[in-house]
Structures are given as structure tokens and as C-alpha cells.
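Hello,

Here is the structure I promised to pass on to you. Please have it open while you read, and my notes follow below.

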Amino acid sequence: MDSLSNKKTKGETMANGKYLNPKADLTFKLVFGEHKDLVMSLLNALLPIAEDNPIVSVEYQQTELVPEQARKKDSIVDVHCTDSSGRRFIVEMQMYWNDDFKKRVLLNASKAVVKQVGTGENYRLIEPVFSLNLINDTRFQPDTEEFYHDYAVLNVAHPERTIDGLRFVFVELPKFQPKSIAEKKMAVLWLRFLTEIGENTEEAPAELLENELTRKALSIVEKSAMSEAQLYAYEKFMMSIVDERVILEGFYKEGMEKGMAQGMAQGMAQGKDEANRENACRMKADGMAVDLIAKYTGLSAEEIENL
């Protein structure tokens, strides 16, 4: 394993901007996992929270949702907190989308529900769980330009009838455009913070510097605010993201190549079948015997009779 003494050499690969990427594991947790005012603002801005019942205080929970039985899979989430009314909030930042992440989101939210009550306790004690998932990718819903996706438990035939208790919000950050939700100022500011600040940022947008909360977040992700150990951890994470992207793109390319090969094989088979049918029609019209047509075309007698 690399030692911290190697940090300077490795750090030279980082861009020369003033800030680090707030979407990275280290920086995201420093901003939203250690500052209650910032995570409350983010949650109130991006979740479907009733205006008359905003989040006014939170307590951080253990981010490892340990299963009740040994052998069951543990899950580490980025931020897990509870507000003064007992509502639970799980916040995840995902750099690249895959279907496994969707299952992980469902698993973590379900655990947050189950862990609220013990055996024999009143189920009325269960408070709602909100899962906020920020995705630095557009493959969650590639068929739409919408970046904000709100999921609830509802009646399929009557969508207006819902079961309260679980809510999932997915935000595809690359699709975000400030004008999309101009009526929610803090939502726009937080999404601009997550999408416009990075290693190449030399000067933050004035709107982010003017707001007290986003200005505080900016100060947290400044390179100069980081220790050597933090910078090392940050760069190691970013390098792992590059490796993951290369692997995913490799799988995607391999899948495409296999799909094209299968498609060509199927197309050739279909073309051959159509040609055999056309030839069989001509042979049948010429009065050739069915058994001979079957011999030369590979079609069954029944298929030939139905031509």
C-alpha cells in the first residue's frame, strides 16, 4: 500500500484549481456528514418535504446499517440522520450508475425502517424514511431529459392512493439545468455546488459565495483546508473512480460487441429462412414434390403446405 510519503508525487496529477470535487467520497462526507446545518439545507431543498413541516434539527446516525443476522450483507451509506420528529434520511452520492446501486438503495431504506422497532413493539412507532440519491451519471433514466425522479409506494391503478413511509428521490446531476427549478433557490444553489465545483475551479460562482451555507461548503472543499492524509485519501478515491469507469466501459463495449455479433447471426439466419421460403414458393408453383422441396430448403412439409 502507498505511504503518505508518496502523496506529493501522486498529488501532482490533480488539477490546479482552488477546490476539490465535492462529489468525491471524502469531500461529500466532510460537507454533509459533519455539518448539520448543511445537510438539513440539502434535504429541505431536494426532498418532497411539506413546507409546513421542514427539517429543523438532525442527529447523525451510524452510517453502517448492520444487519440483525450474521452472514447478511452490511451496507455503508454516505450520510444517515434523523430529525426531531423521528423521520430518517439516507443520502448517497454515486459517481457511476449501475443496477446494483438501485438494489442497494432499496436495501438500505428497508433496513432503516426495520431497525426502528424491535420484536413485539408497536408498528405505529415507525417514522418515514427518505432516501436521497445523487448520481453523477445519466444512465438511471436515459430515455428522459428530466433530472429529478421522485418515487413513492402507490396503488398502480389509482396513483393518488399512496402508502406513506418510504420515499426515494434520484437526482441525475449531469442533466441538471438551473432554470429547471428556478422557484427553489436553495435546490439550485446546492445542485450548482455539486455540478460546477471541481478540481479545475479557480473561482466559485458569485451566487455560491453570497449564500452563507454554500459559502461554508466551499470553504470545506478548498484544497488548502485539507491535510496531507485527506488529500491522499481523496486522490486514491478519484483514481479508483477512473479504474471503475474503465472497467464499466470495457463491459459495455464487450456487451455491445456480443450483441452486434448475435444480431448479425440472427439477421443472417432470418435472411436465410426468408430465402428458403421464397425458393420453396417458386418450387411449389413449378409443381415440384413436397419431399424434394423439403430436401432442398430445409422446411418441413407442413410449412411448405402452408405457403
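**Strands, cores and a helix**

V58 stands opposite D83 in β4. That pair belongs to the contact between strand β1 (residues 58-60) and β4, which run antiparallel and are joined by three bridges. Before going further, please keep in mind that this is a predicted model.

On its other pairing, β4 is joined to strand β5 (residues 88-94) by four bridges, and these two strands also run antiparallel. Here H80 stands opposite I90 in β5. Four residues lie between the strands in the hairpin of β4 and β5, and G86 takes a positive phi near 100° in that hairpin.

How much of β4 is covered? Strand β4 spans residues 79-83, and five of its five residues are buried. V79, C81 and D83 point one way from the strand, while H80 and T82 point the other way. Both sets are buried.

Now to the cores. The largest nonpolar core holds 53 residues, and F32, L43, L132, L134 and F193 have the most contacts inside it. If you centre your view on F32, leaving aside residues up to four places away in sequence, you will find that F32 touches L38, V39, L42, Y60, V79, W190, F193 and L194. V79 in that list is also one of the β4 residues described above. There is a second, separate core of 13 residues, and I90, A112, V113 and F170 are among its members. I90 is the residue that H80 stands opposite.

A112 and V113 bring us to helix α4, where they are buried along with F101, V105, N108, A109 and K111. What span should the 16 residues of α4 (residues 99-114) have? At 1.5 Å a residue, the expected span is 22 Å, and the end C-alpha atoms are 23 Å apart, so the two values agree. At the start of α4, N98 has a side-chain oxygen that reaches to within 3.0 Å of the backbone nitrogen of D100.

One last place to look is N200, in the loop between α5 (185-196) and α6 (206-210). Is N200 buried or exposed? Its relative accessible area is 66%, and because exposed means over 50%, N200 counts as exposed. N200 and N21 are 179 residues apart in sequence, yet their C-alpha atoms are 9.0 Å apart in space.

Happy to talk any of this through.

Best wishes

Key. Residues are numbered from 1 along each chain as its sequence is written. This is a predicted model: local features need pLDDT of at least 70, side-chain atom pairs count only at pLDDT 80 or more; totals for chains, interfaces and linings use all residues. Side-chain values use heavy atoms; hydrogens and water are left out. A nonpolar core is a set of buried Ala, Val, Leu, Ile, Met, Phe, Trp, Tyr and Cys residues joined through side-chain atoms within 4.5 Å. Buried means under 20% relative accessible area, exposed over 50%, partly exposed in between (1.4 Å probe, protein chains only). Contact means heavy atoms within 4.5 Å. The expected span of a helix is 1.5 Å times one less than its number of residues. A polar contact is a pair of N or O atoms within 3.5 Å; within protein, one must be able to donate a hydrogen and the other to accept it, and residues adjacent in sequence count only if both atoms are side-chain atoms. Two strands pair if DSSP finds at least two bridges between them.
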